[in-house]
Amino acid sequence: MSLLASLQKDMVAAMKAKDKETLGTIRMLKAAVTNEQINVGHDLTADEEVSVLARELKQRKDSLEEFKAANRSDSVAKLEAEIKVVESYLPKQLSADEVKTVVEETIQEVGATSKADFGKVMGVLMPKLKGKADGKLVNQIVKELLS
């Protein structure tokens with residue numbers, strides 16, 4: 001089932017359940033996917049759908065940090081609920097240990113030896129982990145292993 005079909009089905013279920021918070025988030029996701037589809041001019045591939053979802057998740061996580069810093073607990077709770085909904089549509093996220101294993105393999109594959117090879121490693125690594133791991137975590141692990 002495509003992501004749009006899944007979102008549509010879940011949107012109807014949220015309407016029937018009168019779950020306004022989930023419904024609002026699903027509508028935003030559906031709009032983001034539809035807009036991306038219009039921008040690229042074709043039906044989205046699974047990777048493109050994951051990219052859109054990852055972008056939406058990142059936006060919410062960034063906003064969450066800002067709201068926490070500003071002590072806006074009302075907005076924090078709302079965003080945490082939205083993040084759970086967005087994460088439910090993403091593939092299972094890899095643990096830190098699993099990410100570290102992939103990073104180590106990629107460093108060996110590329111032949112990286114120092115921090116100067118950071119860009120080379122990230123260029124090969126990110127397509128492998130797209131949508132499966134948080135970019136900040138990957139960045140941190142690569143820096144750790146290259147230093």
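Is Val33 buried or exposed? In this predicted model, Val33 is buried, because its relative accessible area is just 1% and anything under 20% falls in that class. Val33 sits in helix H2, which covers residues 20-40. Looking past the residues up to four places away in sequence, Val33 touches Leu3, Leu4, Leu7, Leu44 and Val52. One of these partners, Leu3, is 30 residues away along the chain, yet the C-alpha atoms of Val33 and Leu3 are separated by 8.4 Å.

Now for the whole chain. The protein chain has seven helices and zero strands, so reading from the N terminus gives α-α-α-α-α-α-α. Along its principal axes, the C-alpha trace spans about 55 × 40 × 25 Å. Of the 147 residues in the chain, 33% are buried. Among contacts with a separation of 6 or more, 56% join residues that are 24 or more positions apart.

What about the outside? The chain exposes about 9,000 Å², and carbon and sulfur atoms supply 54% of that area. There are 23 positive and 24 negative charges, and the mean positions of these two sets are 4 Å apart.

Back to single residues, with Glu49 next. Glu49 is found in helix H3, a helix that runs over residues 46-69. Is this glutamate buried or exposed? Glu49 is buried, because its relative accessible area of 15% is under the 20% cut-off. Setting aside neighbours within four places in sequence, Glu49 is in contact with Ser2, Leu3 and Leu44. Leu3 and Leu44 also turn up in the list for Val33. Another pair to look at is Glu49 and Tyr89: they are 40 residues apart along the chain, and their C-alpha atoms are separated by 9.7 Å.

Glu105 makes a handy contrast. This residue lies in helix H5, residues 96-110. Glu105 counts as partly exposed, because its relative accessibility of 48% lies between the 20% and 50% cut-offs. Glu105 and Ile38 are 67 residues apart along the chain, and 37 Å separates their C-alpha atoms.

Two loop residues deserve a look for their backbone angles. Most residues other than glycine have a negative phi. Lys18, however, has a positive phi near 55 degrees without being a glycine. Lys18 lies in the loop between helix H1 (3-16) and H2, and Lys18 is exposed, because its relative accessible area is 71% and the cut-off is over 50%. Asn71 tells a similar story: its phi is positive too, about 55 degrees, although Asn71 is not a glycine. Asn71 is found in the loop between H3 and helix H4 (73-89), and at 69% relative accessibility Asn71 counts as exposed.

Finally, there is the largest pocket. How much space lies in it? About 420 Å³. The pocket is lined by 18 residues, and those nearest its centre are Ala54, Lys58, Ala133, Asp134 and Gly135. Which helices each supply at least two residues of the lining? They are helix H3, helix H6 (118-129) and helix H7 (135-146). H3 gives the largest share, with eight residues. Helix H3 is also the helix that holds Glu49.

Key. Residues are numbered from 1 along each chain as its sequence is written. This is a predicted model: local features need pLDDT of at least 70, side-chain atom pairs count only at pLDDT 80 or more; totals for chains, interfaces and linings use all residues. Side-chain values use heavy atoms; hydrogens and water are left out. Helices (H or I, at least four residues) and strands (E, at least two) are DSSP runs, numbered from the N terminus. Buried means under 20% relative accessible area, exposed over 50%, partly exposed in between (1.4 Å probe, protein chains only). Contact means heavy atoms within 4.5 Å. Accessible areas come from the Shrake-Rupley method with a 1.4 Å probe; for residues, only the protein chains shown count as cover. Lys and Arg count as positive and Asp and Glu as negative; His and the chain ends are not counted. The place of a charge is taken as NZ of Lys, CZ of Arg, CG of Asp or CD of Glu. On a 1 Å grid over the protein atoms alone, a cavity is a set of points where a 1.4 Å probe fits but cannot get out, and a pocket is an open set with protein on both sides within 12 Å along at least five of seven lines; lining residues have an atom within 4 Å of a point. Grid points are joined across faces, edges and corners, and a volume is the space filled by probe spheres set on the points.
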